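User: I would like to go through this model with you, starting with its side-chain interactions. Please keep the answers plain.

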Amino acid sequence: MKKSRTKRIIGLLIAFLLFLILTNPSLLPLPEDAKDTLYEVWSGLFGNVEEVSGSVTINWVAIFQIIAILLLMSLIYNVIRWILERVTPKTGKGKSVHTMLESFTFYAVVLISLIWCLAAIGVNVSTIFASIGIVALVIGFAAESLIEDIITGLFLVFEDEFNVGDIIEFNGYRGTVSKIGVRVTCIEDGGGNVKIVNNSDIRNVLNKSKALSAAVVDAPVSYAVELEKAEETLKEILKSLPGKYPQMFKQIPVYTGVQTLDASSVNLRVVAYVDEEKIFDAQRMLNREIKIGFDKAGIEIPFQQVVVHNA
């Protein structure tokens, strides 16, 4: 990746130098006769290059201006990012606005730098903006998806459909929103994989962080166990959970009844309402506490057994 970027920079630099020399022969450190000869050759090949030089002023002063502009805008961008990095929003809404500002800052700095650099080399920027109506239709078709992404991103933030830190499900993909940008939204799954989605493609999203989610566990007991005893023991186990794990269980999990009668077990269903990000931890904790509680009460949990008969 680094080698590819380096080659790209070298290629752009060579192209820029060639363009500079092509449109401004006077910049070459050559005698005047050689410059005139070179100018005639280039004019024969490419036409009157003075027309380019007349409309675009590329000289050392303009180059220094461009360098100064880029350095200044880079400084402004880094200062803004420095400030944003030291602001830590506490709410999901604040985090969403924060990531949107980071993305917007980048695009704004690039756009302002481009306009400023064009003005530095003599391009009449006001004329370009005045004639924007002529090419507006073409640009509109070319950048239709980009404009849609930007508008949708703003609606996502300000309509509070979901925020950074929320867990959402989108087209079968479940993950935590890590960034909402001007153009794209990043969703990170439990394995750390990041899915990057264009804002305009985000539709029919299920926000699982809006309310508590149901962690469902089925606790199997043997047919030999007295059902009422197993139910009472299970309820006592569930009552103790908010006191033991207050950060996970904000309310007592609910025993909903006998879910199924399997070949070797009676399955008792338990539902705990917890925060979405804790749903899998809650299921594991329920299984652990039910197993420990049943063991202490002498309630058998059936398991597969192999019976061997000697001939």
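User: Which side chain does Lys 208 meet in a salt bridge?
Analyst: This is a predicted model. In it, Lys 208 forms a salt bridge with the side chain of Glu 169, at 3.0 Å from N to O. The pair links distant parts of the chain, 39 residues apart: Glu 169 belongs to strand β1 (residues 167–170), and Lys 208 to the loop between β5 (206–207) and β6 (213–221).

User: And are those two buried or exposed?
Analyst: Neither label applies. Lys 208 is partly exposed, at 23% relative accessibility, and Glu 169 is also partly exposed, at 28%.

User: How many salt bridges are there in the whole structure?
Analyst: The search finds nine. One of them joins the side chains of Glu 236 and Lys 239, at 3.8 Å from N to O.

User: How far apart are Glu 236 and Lys 239 in helix α9?
Analyst: They are separated by about one helical turn, because they stand three residues apart in α9 (residues 227–244). Glu 236 is partly exposed, with a relative accessible area of 49%.

User: Which residues are linked with Arg 288 in a network of salt bridges?
Analyst: The network contains Lys 244, Arg 288 and Glu 289. Between Arg 288 and Glu 289, the closest N and O atoms are 3.0 Å apart. Glu 289 is buried, at 6% relative accessibility, whereas Arg 288 is partly exposed, at 46%.

User: Changing topic: how many aromatic pairs does the count give?
Analyst: The count comes to three. In one pair, Tyr 77 and Phe 106, the ring centres are 6.3 Å apart and the planes lie at 70 degrees; planes over 60 degrees apart count as edge-to-face, so this pair is classed that way.

User: Where do Tyr 77 and Phe 106 sit in the chain?
Analyst: Tyr 77 is in helix α4 (residues 60–85) and Phe 106 is in helix α5, 29 residues apart, so the pair links distant parts of the chain. Phe 106 is partly exposed, with a relative accessible area of 42%. Tyr 245 and Phe 249 form another edge-to-face pair, at 6.4 Å centre to centre with 65 degrees between the planes. Phe 249 is buried, at 1% relative accessibility.

User: Which residues do ring pairs link into a cluster?
Analyst: The cluster consists of Tyr 77, Phe 106 and Tyr 107.

User: What lies over the face of Tyr 173?
Analyst: Lys 195 does, at 5.4 Å from the ring centre.

User: Back to α5, then. What does Ser 113 touch?
Analyst: Ser 113, found in helix α5 (residues 92–120), touches Ile 69, Leu 70 and Met 73, not counting residues up to four places away in sequence. Ser 113 is buried, with a relative accessible area of 9%.

User: Now the sheet. In what order do its three strands come?
Analyst: The order is β6-β8-β7, in an open sheet with antiparallel pairing. Because β6 and β7 (254–261) stand at the edges with a single partner strand each, one side of each has no neighbour in the sheet. From one strand to the next the twist averages 30 degrees.

User: Over how many bridges do β6 and β8 pair?
Analyst: They pair over nine bridges, in the antiparallel sense; β8 covers residues 266–274. Pro 220 stands opposite Asn 267 in β8.

User: Which helices lie across these strands?
Analyst: Helix α9 lies across β6, β7 and β8, at about 140 degrees to β7. Helix α10 (residues 279–297) lies across β6 and β8, at about 25 degrees to β6.

Note on methods. Residues numbered from 1 in each chain as written. Predicted model: local features only at pLDDT ≥ 70, side-chain atom pairs only at ≥ 80, totals over all residues. Heavy atoms only, no water. Helix = DSSP H or I, 4+ residues; strand = E, 2+ residues; numbered from the N terminus. Buried < 20%, exposed > 50% of the residue type's maximum accessible area, 1.4 Å probe, protein only. Contact = heavy atoms within 4.5 Å. Salt bridge = Lys/Arg side-chain N within 4 Å of Asp/Glu carboxyl O. Phe/Tyr/Trp six-rings, centres within 6.5 Å; stacked < 30°, edge-to-face > 60°. Lys NZ or Arg CZ within 6 Å of the ring centre and 35° of its normal. Pairing = 2+ DSSP bridges. Axes fitted to C-alpha atoms, helices over the stretch in contact; angles between N-to-C directions.
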